[in-house]
Amino acid sequence: MNISQAPAVPHKPKPRRMRAALKWLHLWLGLSLGTVFALVALSGTVLSFQRELGLWAYPQLQRDADVAPAQRAQALERIVAHWQGQGMTSLDLPSDQFPVWQGYFPNNERRYFDPASGELLLTRNTGNDLILWLRDWHTHLLAGKNGEQVLGAVGIAAVFMLLSGLYLWWPRWSALAASLKWYRGPPTRRWLSWHRGIGLWLLPLTLLASLTGTAMVYDEVARSALRAAFSEAKPPKPPTLAARADAALDWAAVLRAADAAVAPGGPMAGAQLRRIGLPKKDSGLVTIRARAVGEWHPVGRSMVWIDPYRGAVLRTLDSTRQGPGARAYEAIYPLHGGFVGGRVWQVLIALTGLMPPFLLVTGFLFWRRRRGR
């Protein structure tokens, strides 16, 4: 036969080649990075109830947070005087949700103090507490900043896997009903139908959790992008205050000034004081985070800056009065952690954490059965 007359080998259409490449990527990313994604998500299910689990595991933390202002000031002064020199950087005020002082130290260590006396009640760290160990895994893969960057790459891969799975599932309208059906057998069809069926129904929540988690890893990029999308200027820098060696900090005056700022008629009326940022070596400024009315963040992103030498408020920031881009960024953490929408959203976020392990297991079982055949 003349070579010139040989029949031409048909080329695969480009869409088919792209689909085959997507299937390959979806499979092998799922079996590799998907394993890390599944374990991180599973830890998120536990962390959805970290406050409740902490109070259950440590009954000594179940105190009465309603103490007199004078007692609160004395307790704060005692805690700061003893523990700031040992590395404490900030301190959560007692609240109805968590009724003790919670001090933050380097290396993910936390200490808890009686709301009235300031007496040390408990020390927790990643070496003696499973919840804090899971939190470190969930946010840093137990490897600090390097682990956080790896986690960001896993988050990007997870978003790709979810969107590519949606693309690969997308059926013709005539086959829509069949593609949503769950089968009991044979095994190959069962695992595939469960993988794509349940994955489809919970895709919005799983995608939301993946996107918000990845955005928190690349927080500066996410913050800048959202502000740029709404043409918002950068927020003003916090005030500065030089440290004074000749003057002692008056913590009672600090709390009075902060209480006045959130009292009716104050610039932050109705807000709840949440976290005290202690002065640094080169600064005497006290920074208090507050949760404004209508704010989603459990600690709050509103700020009260105080001169502790004079007991005077220097400036305040109500995060609910920021532009839409900044407010959208502040909503990322509450949505991801299940802190908005009450118990219903908390449970939904916890269930969402079970979704990646389910997809990993069903995807693996389908691949193994099909490979065996």
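Helix α4 passes helix α11 in a right-handed crossing, so let's start there. This is a predicted model. From that helix pair we move to an open sheet of 8 strands, which α4 also packs on.

**Where α4 meets α11**

- On the α4 side, the contact is made by R72, A73, L76, E77 and V80.
- On the α11 side, W251, A252, L255 and D259 do the job.
- Sorted by class, the contact of α4 with α11 has 6 nonpolar and 3 charged residues, with no polar ones.
- As for the geometry, α4 covers residues 69-83 and α11 covers residues 251-262; their axes come within 8 Å and cross at roughly 125 degrees.
- That angle makes α4 oblique to α11.

**The sheet**

- Reading across the open sheet, the strands go β4-β3-β2-β1-β5-β6-β7-β8, with antiparallel pairing.
- At the edges sit β4 (120-124) and β8 (312-317), each of which pairs on one side only.
- On average, and ignoring direction, neighbouring strands in this sheet are turned by 25 degrees against each other.

**A look at β7 and β8**

- Strand β7 (residues 302-307) runs antiparallel to β8, and 5 bridges join the two.
- If you want one pair to look for, I306 stands opposite V313 in β8.

**Back to α4, now against the sheet**

- Helix α4 packs on the sheet and touches β1 (90-92), β2 (101-105), β3 (109-113), β4 and β5 (272-277).
- The direction of α4 makes about 20 degrees with that of β2.

Definitions and conventions: Residues numbered from 1 in each chain as written. Predicted model: local features only at pLDDT ≥ 70, side-chain atom pairs only at ≥ 80, totals over all residues. Heavy atoms only, no water. Axes fitted to C-alpha atoms, helices over the stretch in contact; angles between N-to-C directions. Helix = DSSP H or I, 4+ residues; strand = E, 2+ residues; numbered from the N terminus. Parallel < 35°, antiparallel > 145°, perpendicular 65-115°, else oblique. Left-handed = near helix turned anticlockwise from the far one by under 90°. Contact = heavy atoms within 4.5 Å. Nonpolar A, V, L, I, M, F, W, Y, C, P; charged D, E, K, R; others polar. Pairing = 2+ DSSP bridges.
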